[in-house]
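Work through the following exercises with the structure open beside you. Try each task before you read its solution.

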Amino acid sequence: MKFQVGYQNHPGLIGYLLKNREKISGVYFPWKDFTTGRGILPDEVKGALAGDLRKLSDAGIRLCLLLNGNCYGSKTLDRDFYRQLGDTVEHLAGTYNMVKITTASPLIAGFVHRNFPGIEICASVNMEIGTPEGVGYLLDDFDCFYLKREYNYDLERISVMRDFCRKHGKKLYILANSGCLNFCSARTFHDNLVAHQHEIGDGAISFHGMCTQFLQKADNVKNILGKSNFIRPEDIHYYEDLCDGMKLATRTNFNPLQIVHAYFNGKFNGNLLDLTEPAHSALLSGAIVANNRISAEYAEHRFRCGNRCEACDFCREIQEKATIYF
C-alpha cells in the first residue's frame, strides 16, 4: 500500500518521508490564503513550506495542492478568484512536482480540468461520495475519488465502488485515520466553519467539533471504536486490492511522524487514539487504548458485521479489553 501524507512543518517529518519515499504516492499541502479542510496556511509556516516542497520535488515525490475548503464565500463565483487560482496552479506546476489537486468544489475541478489537462483532480473525502451514482455525476472533471469514510469497513460497498471506478478509468482512495465520528450530524456545519475561520471575529463562542462534545461524556468515550471508521496500521493489508492508495491525516496531529511510521511499518504499540486526526487520546482521561491489546479479529469482524451497531457491543468490548488505566 502506498500513502498520501499531509504536509506539516514538524521536526523530522520531511527527512523521514524522503528516506521512505517508496511508500509514498504523494504529499498534499495547502498554499497561501486558499482555504482548505483545515483552514488557511498559518503565516509562520509559509516560508518553510516552499523549501520543503523543493526537497520533496527534487526527490521525485508527487505533490498535491489542497483546494478542499467546503466554502469560498463571496469568491466562489468570482472571476478574480479563478484568475488567481489559475496563476497559482501554473506557478506550482512549473516550480515543483505538483501534479495533482484535491478539491471539494466541482467548479474548481471543472476549471482546472479545462485549463490544465495534465493535472490529476481528486474528489475530497469531504464530498462524502459513497455510491457509484455519486462518482457518476462527476466523471467528466474528476480522476479519482475518496470513499465516504463511514464505509471503510463495508467490503461490499468498497468492492462496488472499486469496480465502478476502474471500469471508468478512475481511482479510488480511502482515508485511513480519520478521528471523525460516523455519520456526524454537524460535519457540514463544522467544515463550513473551518473554511471561514480566518474571517471569524473575536471568537467569543467556541466550537471544537461535535465529536469532542460527544466524547466528553464518560459512557460515550467507552465506545470510540464503534463510533469511528479509522483503520489500524495492522489492518492495512486487507485493503491492498480494494483501493488505489490511502490517505494519512497528518496536517494537525500533534505527532505526524508517529502516524507515518506506524502505517508505513504496519504496526503500532502505543495508544491507538494518538493516531487519529483529530486525536482523541486526551478525552480518555487516565487511560489509553493499547493497540497491541486489540484482537486480530477486530477488522475481520467489522467486515462481516453488517454495521448493525445498535444491536452489537463487539467494538465496546474490544475497546474495554484493550484499555489500560493508570
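**Exercise 1: A strand and its surroundings**

In this predicted model, find out why strand 3 (residues 63–67) can be called largely enclosed by the rest of the structure.

Solution. Begin with the burial of each residue, for which the cut-off is a relative accessible area under 20%. Five of the five residues of strand 3 are buried, so the strand is largely enclosed by the rest of the structure. Next, look at the directions of the side chains: Leu 63, Leu 65 and Leu 67 point one way, while Cys 64 and Leu 66 point the other way, and all are buried.

**Exercise 2: The neighbours of strand 3**

Determine how strand 3 is joined to strand 2 (residues 24–29) and to strand 4 (residues 98–103), and name the residue that stands opposite Cys 64 in strand 4.

Solution. As background, strands of a sheet pair through backbone hydrogen bonds, either parallel or antiparallel. On one hand, strand 2 and strand 3 run parallel and are joined by three bridges, with Tyr 28 standing opposite Cys 64. On the other hand, strand 3 and strand 4 pair in the parallel sense over five bridges. Here the bridge partner of Cys 64 in strand 4 is Lys 100, and Leu 65 stands opposite Ile 101 of strand 4.

**Exercise 3: Following the chain**

Trace the chain from strand 2 to strand 3 and decide whether the β-α-β unit is right-handed or left-handed; then do likewise from strand 3 to strand 4.

Solution. First, strand 2, helix 2 (residues 43–58) and strand 3 make a β-α-β unit that is right-handed. From strand 3 the chain then crosses through helix 3 (residues 79–95) to strand 4, and this β-α-β crossover is right-handed.

**Exercise 4: The barrel and two of its helices**

State how many strands form the closed barrel and in which order they run, and then describe how helix 6 (residues 155–167) and helix 11 (residues 256–265) lie across strands.

Solution. The closed barrel has eight strands in the order 1-2-3-4-5-6-7-8, with parallel pairing. From one strand to the next, the twist averages 30 degrees. Helix 6 lies across strand 6 (144–146) and strand 7 (171–175), and runs at about 145 degrees to strand 7. Helix 11 lies across strand 1 (3–6), strand 2 and strand 8 (246–248), and its angle to strand 1 is about 175 degrees.

**Exercise 5: Aromatic rings**

Find out which residues are linked into a cluster by ring pairs, and which charged end sits over the ring of Tyr 151.

Solution. The structure holds 15 aromatic pairs, and ring pairs link Phe 34, Tyr 72, Phe 81, Tyr 82 and Phe 111 into a cluster. Turning to charges, the charged end of Arg 157 sits over the ring of Tyr 151, at 3.9 Å from its centre, and the charged end of Lys 247 sits over the ring of Tyr 146, at 5.7 Å from its centre.

**Exercise 6: Backbone details in the loops**

Locate Glu 128 and the cis peptide bond before Pro 278, and describe the backbone at each place.

Solution. Glu 128 is found in the loop between strand 5 (120–123) and helix 5 (132–136), and has a positive phi of about 55 degrees although it is not a glycine. Glu 128 is partly exposed, with a relative accessible area of 26%. Finally, the cis peptide bond joins Glu 277 and Pro 278, with omega about 0 degrees, and Pro 278 lies in the loop between helix 11 and strand 9 (287–289).

How values were computed: Residues are numbered from 1 along each chain as its sequence is written. This is a predicted model: local features need pLDDT of at least 70, side-chain atom pairs count only at pLDDT 80 or more; totals for chains, interfaces and linings use all residues. Side-chain values use heavy atoms; hydrogens and water are left out. Buried means under 20% relative accessible area, exposed over 50%, partly exposed in between (1.4 Å probe, protein chains only). Helices (H or I, at least four residues) and strands (E, at least two) are DSSP runs, numbered from the N terminus. Two strands pair if DSSP finds at least two bridges between them. A crossover is right-handed if, with the strands pointing away from the viewer, the path from the first strand over the helix to the second runs clockwise. Rings of Phe, Tyr and Trp (its six-membered ring) pair if their centres lie within 6.5 Å; planes under 30 degrees apart count as stacked, over 60 as edge-to-face and the rest as tilted. A charge sits over a ring if NZ of Lys or CZ of Arg is within 6 Å of the ring centre and within 35 degrees of the ring normal. Axes are lines fitted to C-alpha atoms, for helices over the stretch in contact, and angles run from 0 to 180 degrees between N-to-C directions. Contact means heavy atoms within 4.5 Å.
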